[in-house]
Amino acid sequence: MKWVLLGLAALLVVAIGLWGWGQWRWSQKTQALLDRLETARQSLPPERFDPRELDQLPAPVARHLRQALPPGTPIIRAADVVHAGTFNMKLDAGQWKPFTSRQRVVTRRPGFVWDGRVTMAPGLAVHVHDAYVDGEGILEPAILGVFTLVNLRDRGEVARGELMRYMAEAAWYPTALLPSQGMQWEPIDERSARATLVDSDVRLTMTFHFGDDGLIETIRAEDRGFADGDRIVPMPWEGRMFDYQRRDGMLIPVQGEVAWLTPQGRKPYWRGTITDLRYHQ
């Protein structure tokens, strides 16, 4: 019994040491991404929203922004977002696991770093970096922050997918939807419009659909890159926004769901709520 207890104690020490090293290692990698994000950020003078900018926009876009942005709203240069929700680990099986995350966003040059923790079991978490930094797309999940499951980084398809995420989430920092901030719009009908964003060599177009209340309801991409192991496969993708609330005077959705639109049907994989949000000008 004595040797069994000593063995268990040794295993516990190793486990605690591994956990601590993983936390330190992951925090160092997160900080390195945040430093890159800040370096790529443009230094711009303060600006404020002028409603006259909406005059030439498609009707549903102008209607949304008139509700979301009071005149004189400071242009958002950066935001810190905290989320909580669930993440589907297996699209076909519906294996939902709780997550928490922190995200830093900058709007010019567009970029973000999402640092998530998906709880697989008590004491066992997968750390995830999902990011668009200086034109590079990054996706890296690692068990305990130590054992990397996949590490996707490029300025091609991974970058396109991450910039699509930035575009879809612009409803959280709505001054980023303005033409003066780089978003270009063209009408489709009274309830939808196409948005185009260009960053360096990446050019994207997504479809925004607006609800009966005039607010953004869904955002769709026809060919976002789906990570199939080490491969990136284009697939239709959709984000849904709801539960609009005022934050710093702006009307934003605090809940959302994203899904892959597969040949077998719509497959949600992320459901989250904003628990804290801070803007920076």
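This passage walks through strand pairing, one buried threonine and the salt bridges of a predicted model.

Strand 1 is a good place to start. Covering residues 78–88, strand 1 runs antiparallel to strand 2 (residues 96–107), and eleven bridges join the two. Strand 1 also pairs with strand 14 (residues 265–280), again in the antiparallel sense, this time over ten bridges. Ala-79 shows both pairings at the level of a single residue: Val-105 stands opposite Ala-79 in strand 2, while Tyr-279 stands opposite Ala-79 in strand 14.

Further along the chain sits Thr-262, a residue of strand 13, which spans residues 250–262. Thr-262 has a relative accessibility of 14% and so counts as buried, the cut-off being under 20%. Leaving aside residues up to four places away in sequence, Thr-262 touches Met-235 and Lys-267.

Now to the charged side chains. Side chains of opposite charge can pair when their charged atoms come close. In this model the count comes to 22 salt bridges. One of them joins Arg-109 to Asp-134, with an N to O distance of 2.8 Å. That pair ties together distant parts of the chain, 25 residues apart: Arg-109 lies in the loop between strand 2 and strand 3 (110–121), and Asp-134 in the loop between strand 4 (124–133) and strand 5 (136–143). Arg-109 counts as buried at 18% relative accessibility, whereas Asp-134, at 30%, is partly exposed.

Arg-160 and Asp-223 make another salt bridge, their closest N and O atoms being 3.6 Å apart. Here too the link is between distant parts of the chain, with Arg-160 in helix 3 (residues 157–168) and Asp-223 in strand 11 (residues 216–228), 63 residues apart. With a relative accessibility of 18%, Arg-160 is buried; Asp-223 comes out at 31% and is partly exposed.

A third example brings in Arg-278 and Asp-276, whose side chains meet at 3.3 Å, N to O. Arg-278 has a relative accessibility of 51%, so this arginine just makes it into the exposed class, which takes values over 50%. Its partner Asp-276 is partly exposed at 30%.

Salt bridges also join up into a larger set. Glu-238, Arg-240, Glu-257, Arg-266 and Arg-271 are linked in a network of these contacts between charged side chains.

Technical notes: Residues numbered from 1 in each chain as written. Predicted model: local features only at pLDDT ≥ 70, side-chain atom pairs only at ≥ 80, totals over all residues. Heavy atoms only, no water. Helix = DSSP H or I, 4+ residues; strand = E, 2+ residues; numbered from the N terminus. Buried < 20%, exposed > 50% of the residue type's maximum accessible area, 1.4 Å probe, protein only. Contact = heavy atoms within 4.5 Å. Pairing = 2+ DSSP bridges. Salt bridge = Lys/Arg side-chain N within 4 Å of Asp/Glu carboxyl O.
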